[in-house]
Amino acid sequence: MDVVFGGQTTPASGRPFRHLDPILLGSMLLLSIIGFFMIYSATERTLRGLGEDPGFYLKKQLTWFLLGAVLLLLSSSVDYRFMKVYASLFYGASLILLLLVRLPFLGTDVKGSQRWFEVFGFQFAPSEMMKIALIGMLAAFLSEIRAPELSLEQVIRATAFAVFPMALVFLQPDIGTSMVLAAILVGILIVAGAKPRHLAALALAAVLLGFFAFQLGVIKEYQVARLTSFLDPTNDPNLTGYNKIQAEIAIGSGGLTGLGYLKGTQTTLDFVPEQQTDFVFTVVGEEFGFVGAAIVLLLYALLVWRAIRIAMLAKDPFGTYVATGVAAMFAFQIFVNIGMTIGIMPITGIPLPFISYGGTSTLINFAAIGLLLNIHMRRFT
């Protein structure tokens, strides 16, 4: 049934699903399916050698996929403009969780980082939830500004929304996610009309803060070693430079078409650490070669392109800024993750969307796609 306003026919509330973006949804599903195969390849031999179920990680990822599908359905069903009303509450709750996870009796310490809650055997990272919370908060704030350009005061206020969670995430320590939050801030500010000189001032402030963080010892020694090994991995090939060297060997050995599924030597012999998470792209490169890597990059290009297109087609500034934030989040994570596996970016622990193994990141990625579909479906209303 259609509703008539002022002589014009408007689709009823049940009709938005007729305007789904099949390219966005299809590219996400294909990337997730590729992820299943890559996670199994990266873990089955090790698990089998330990006498464990070789499909353990795959089954957990399938569970997260199904939960993510439910979350995608929910985030795409309720009109995205309701997010603007509750953006501050969601943002505040995410900040509280970031504070609580630092408490030793609540947060779980894994490999020197306290950034997870343990819930029924599953780990939940509030820093991942903050990505969506920050996007919603910035979009809600900036969409109320009716000016072609942002003033310095408005840029500072928007930056303040990002600085607090970035500092909390940085202290976990998690440099990678704090960088993603910064990328979201910059992406939305650019589209909202921030002046170049204000953005340059923000970049200078970030550099100075990073310098002082190094000098004051806020950044852990192993994180400093990760960043410096990017410049010269052969300086310490057995420790900090090991991951980078082995990742490049794995991708390089794949050649044009790869060594074949489950036949990659670097993968099956477990030479690349954390291969199912941060370095999952090395499995693609080794087992499917340049052709397989190019297909994955094409799917990511389609996903980011559709996100940018949705931002341009959005009916209101809030929708534009939400879609922009999601596009910036995905684009930055994809570039940094793949960049660190091929040696053009330092190792920062950023997962590859939809392909890397991970619970909270999978749920948040699906929720982000749901928001994009939501904005796209309601671009006529």
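**Exercise 1. Describe the overall make-up of the protein, beginning with its helices and strands.**

Solution. Start with the secondary structure: the protein has 13 helices and five strands, and the model in which they appear is a predicted one. Next, consider burial, for which the cut-off is under 20% relative accessible area; of the 381 residues, 51% count as buried. Finally, turn to the outside, where the accessible surface comes to about 17700 Å², with 70% of this area belonging to carbon and sulfur atoms.

**Exercise 2. Classify the aromatic pair formed by Phe354 and Phe366, and explain what the pair ties together.**

Solution. Begin with the count, which comes to 11 aromatic pairs. For Phe354 and Phe366, the ring centres are 5.8 Å apart and the planes make an angle of 65°. Rings pair if their centres lie within 6.5 Å, and planes over 60 degrees apart count as edge-to-face, so the pair of Phe354 and Phe366 is edge-to-face. Now locate the two residues: Phe354 lies in the loop between helix H12 (317-341) and helix H13 (359-377), while Phe366 lies in helix H13, and therefore the pair ties together parts that are 12 residues apart in sequence. Both Phe354 and Phe366 are buried. As a last step, place them in their wider group, one aromatic cluster that also includes Phe36, Phe65 and Phe330.

**Exercise 3. Find which residues form a nonpolar patch on the surface, and place Tyr86 in its helix.**

Solution. The patch is formed by Val78, Phe82, Val85, Tyr86 and Leu89, which together have about 550 Å² of accessible area. Of these residues, Tyr86 lies in helix H3, which covers residues 81-100.

Note on methods
Residues are numbered from 1 along each chain as its sequence is written. This is a predicted model: local features need pLDDT of at least 70, side-chain atom pairs count only at pLDDT 80 or more; totals for chains, interfaces and linings use all residues. Side-chain values use heavy atoms; hydrogens and water are left out. Rings of Phe, Tyr and Trp (its six-membered ring) pair if their centres lie within 6.5 Å; planes under 30 degrees apart count as stacked, over 60 as edge-to-face and the rest as tilted. Helices (H or I, at least four residues) and strands (E, at least two) are DSSP runs, numbered from the N terminus. Buried means under 20% relative accessible area, exposed over 50%, partly exposed in between (1.4 Å probe, protein chains only). Patches are made of residues with over 30% relative accessible area and no salt bridge: like charges are joined within 9 Å, nonpolar side chains (Val, Leu, Ile, Met, Phe, Trp, Tyr) within 5 Å. Accessible areas come from the Shrake-Rupley method with a 1.4 Å probe; for residues, only the protein chains shown count as cover. A salt bridge is a side-chain nitrogen of Lys or Arg within 4 Å of a carboxyl oxygen of Asp or Glu.
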